[in-house]
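Colleague: Got a minute to go through this model with me? I'd like to talk about charges first, then helix geometry.

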Amino acid sequence: MNFLPIFKYRLKDDMKAVGVFLIVTLLCMVLVVYGIMIMVSEINDRVVSNFSMALTVFSFVIGIVTVREDLRLGIQNGVSRGTSLAACFTANVVASLAAALGVTFVEWLSAATQEATYATLVSFYAMIYGEDLSLSGQLRSFLLSFVWSGSAVFVGSFLSLLYWRLTKLWRWIVSLGMGAALILLLNAAVISGGFMDKVLAFLRWLGAAPLNLCLFLIGVAVMFAVFDWLLTRRAPITAATA
């Protein structure tokens, strides 16, 4: 057993999840559209929703739940940790690509029919850079959704592997510590005007062009992929109940 069998196994499993996700997404769109059309006489403005966040959460959860299973599968069949991790990541990224393509289509369909339905599903791209229904605009929207959701796979895997290595006590400490660190960071940003100016300047740079944000997200994905590999090298391959 090598890279290809594990990749095929993971991709087949992931694509089932993608199929369910896209079916639910389409059903939600239909329910929103028909619900708004029924109530249209009672509302005075357009209703806006977003499925790109659901796509990000979907990819994040895939990263969490699949990496341990594939490492166990690999070790049971004599496959190295690196090969198992690479196969898992590749399949998850392909699944994120398929899901991003489906969500982009749903968002384009919603935007193209918004005058009749009074409902719009706004993509991350449209929220940041403005709506663009042209082919090039939709390609950029798809690319951003894919890179955004793809990077979430590696972050999810990192958290899964990190908690896998920690004892129960340290899991509680890390969980509480992340919340405390976030609060302290926000307070420091408010107190320190210079730090906040740098953060705002960086955010403005991200919002200046889709390429900037894509490059940043790719950097995040690469960084967490390295962290994942470092954690995998020393992680104990324990039973599924651990």
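Colleague: Are Arg 10 and Asp 14 buried or exposed?
Modeller: Keep in mind that this is a predicted model. Buried means under 20% relative accessible area, and Arg 10 comes out at 0%. Asp 14 falls in that class along with Arg 10, so the word for both is buried.

Colleague: How far apart are the closest N and O atoms of Arg 10 and Asp 14?
Modeller: The two sit four residues apart in helix H1, so about one helical turn separates them. They form a salt bridge, with the closest N and O atoms at 3.5 Å.

Colleague: Which helix does Glu 69, a salt-bridge partner of Arg 10, lie in?
Modeller: The Glu 69 and Arg 10 side chains meet at 3.4 Å, N to O. Arg 10 is in helix H1, and the pair ties together parts 59 residues apart in sequence, because Glu 69 lies in helix H2.

Colleague: Which residues do shared salt-bridge partners join into one network?
Modeller: Arg 10 also meets Asp 13 in a salt bridge, at 2.9 Å from N to O. Asp 13 is partly exposed at 35% relative accessibility. Bridges that share partners give one network of Arg 10, Asp 13, Asp 14, Glu 69 and Asp 70.

Colleague: Where is the kink in H2 centred?
Modeller: H2 has 25 residues, so at 1.5 Å a residue it should span 36 Å, and its end C-alpha atoms agree at 37 Å apart. There's still a kink of about 30° in H2, and its centre is Thr 66.

Conventions
Residues are numbered from 1 along each chain as its sequence is written. This is a predicted model: local features need pLDDT of at least 70, side-chain atom pairs count only at pLDDT 80 or more; totals for chains, interfaces and linings use all residues. Side-chain values use heavy atoms; hydrogens and water are left out. The expected span of a helix is 1.5 Å times one less than its number of residues. The bend at a residue is the angle between axes fitted to the seven residues ending there and the seven starting there. A salt bridge is a side-chain nitrogen of Lys or Arg within 4 Å of a carboxyl oxygen of Asp or Glu. Buried means under 20% relative accessible area, exposed over 50%, partly exposed in between (1.4 Å probe, protein chains only).
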